[in-house]
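Me: I'm new to this structure and would like a close look at one part: the place where the ligand sits. Could you walk me through what surrounds it, and then how the rest of the protein's interior is put together?

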Amino acid sequence: MAHSRSLKVCPVKLIDLRSDTVTRPSLAMRHVMANAEVGDDMLGEDPTVNRLEKMVAEMFGREAAVFACSGTQSNQMGVRVHCVPGDELLINETGHISLFEGGAPAALSGVTVRTIAADGGFLDIPNLEGRIRSNDQHFPRTRLLCLENTTNIGGGRVYPLDQLQRVSEWAVAHGLKRHLDGARVFNAMVAGGYSATDLGKCFDTISVCFSKGLGCPMGSMLIGDRDDILKARRVRKIFGGSLRQAGIVAAAAIHALENNVDRLRQDHENAQQLAQGLTGIEGLRCDASLVDSNLVFFEIDSNLGTAVQFCGALREQGILIGPMGGQRMRAVTHLDVSAEDVSQALEVVRSCLAKGLANQTATAGSGPYSK
Ligand SMILES: *Cc1c(COP(=O)(O)O)cnc(C)c1O
């Protein structure tokens, strides 16, 4: 009832391109959730969680995996497993672990973050050379390398496999542990044409999210070898993330892995369609050749208004896009956005620009919507 009421209040169908986190679990997903076999996961007795952990560990060719509440939690479990207070991690300056996790490496693990500027959210050996501090009491100990795939604020870019392999080898040769923030790693694999086992060989730990393009209401996982994942379980408990009958959400993740991975291709095609459409619109700048996956970043000319103003105008027409500060915006395709929705969004973008933003006030919020 609340649902039909909110529909009346809002006469336009919303097309929500702010993030792939806004998806609602499908009826089929809700069905498997409702029927999930469950037990007390903190006692290791939830059969559905156990099945998911085994399934994901095997998928990545690794010994073990542990379910977590969120990507932030599994990333920070990884940081804590590899580092002790006073250690330092290396990451691209746009990395989620450094930018969007509330200072968690410092707050939870006493770890400092050394950010490195490089295009696309990527890191390669030339970006990393000279960044490992010498063994001297003055310096933090450089301990962990964090990569992100796909990159988020870097542009939804997908690492080529050979780049991951060479950076990974370089890290091992220099005594670094390697963590992959794989919140959108299924998008990366579908777009990059490589497998989970390819990635499993390049990292000590990998975090994945079920709540992004896979369409689950929540859930994440940290994957690695048996000892690291055993440590991670203890860390998860300390971070307040150990759960009881979590099989309800693990069932959603199993359903998503079985049904929602290959279809990410469709999201990528829709993102390409969106990017190419935006490229042709006067007053906007979008480079479709840099759109590798389901994230589309674009800018509005400053003489036409700010991103906040433009997103405010679009919102009034039922199109939700995330302002990223200044002129920059991000639109994200996902399983609740169809190709027709993308065409419709492009039409609204065109008509909004034609009308002009003169009367727009800042209604869309001012911070970057980043997830
Ligand atoms: C979404 C995301 C995460 C996890 O964020 P949560 O808010 O914990 O879901 C981690 N890394 C990247 C790159 C992300 O996009």
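Reply: Happy to. Let's start with helix H4, residues 71-82, which supplies the largest share of the shell around the ligand, 3 residues. Keep in mind that this is a predicted model. The whole shell comes to 13 residues, and the closest of them are Thr 72, Asn 152, Asp 181, Arg 184 and Lys 212. As for character, the shell has 6 charged residues, 6 polar ones and just 1 that is nonpolar.

Now for the polar contacts. Thr 72 has a polar side-chain atom 2.7 Å from an oxygen atom of the ligand. Asn 152 also puts a polar side-chain atom by a ligand oxygen, here at 3.0 Å. With Arg 184, an N or O atom of the side chain is 3.1 Å from an oxygen atom of the ligand. On its own the ligand has 380 Å² of accessible area, and the protein covers 90% of that.

Moving on to the interior, the largest nonpolar core has 53 residues, and Leu 52, Phe 60, Phe 186 and Phe 210 have the most contacts inside it. Helix H12, residues 247-259, gives the most to this core: 7 residues. Take Phe 186 as an example: setting aside neighbours within four places in sequence, its contacts are Met 59, Phe 60, Val 208, Leu 214, Leu 257, Val 261 and Leu 264. There's also a second core, separate from that one, with 32 residues, among them Ala 275, Ala 288, Ala 331 and Val 348.

Technical notes:
Residues are numbered from 1 along each chain as its sequence is written. This is a predicted model: local features need pLDDT of at least 70, side-chain atom pairs count only at pLDDT 80 or more; totals for chains, interfaces and linings use all residues. Side-chain values use heavy atoms; hydrogens and water are left out. A residue is near a molecule or strand if one of its heavy atoms lies within 4 Å of it. A polar contact is a pair of N or O atoms within 3.5 Å; within protein, one must be able to donate a hydrogen and the other to accept it, and residues adjacent in sequence count only if both atoms are side-chain atoms. Accessible areas come from the Shrake-Rupley method with a 1.4 Å probe; for residues, only the protein chains shown count as cover. Helices (H or I, at least four residues) and strands (E, at least two) are DSSP runs, numbered from the N terminus. Ala, Val, Leu, Ile, Met, Phe, Trp, Tyr, Cys and Pro count as nonpolar, Asp, Glu, Lys and Arg as charged, and the others, Gly among them, as polar. A nonpolar core is a set of buried Ala, Val, Leu, Ile, Met, Phe, Trp, Tyr and Cys residues joined through side-chain atoms within 4.5 Å. Buried means under 20% relative accessible area, exposed over 50%, partly exposed in between (1.4 Å probe, protein chains only). Contact means heavy atoms within 4.5 Å.
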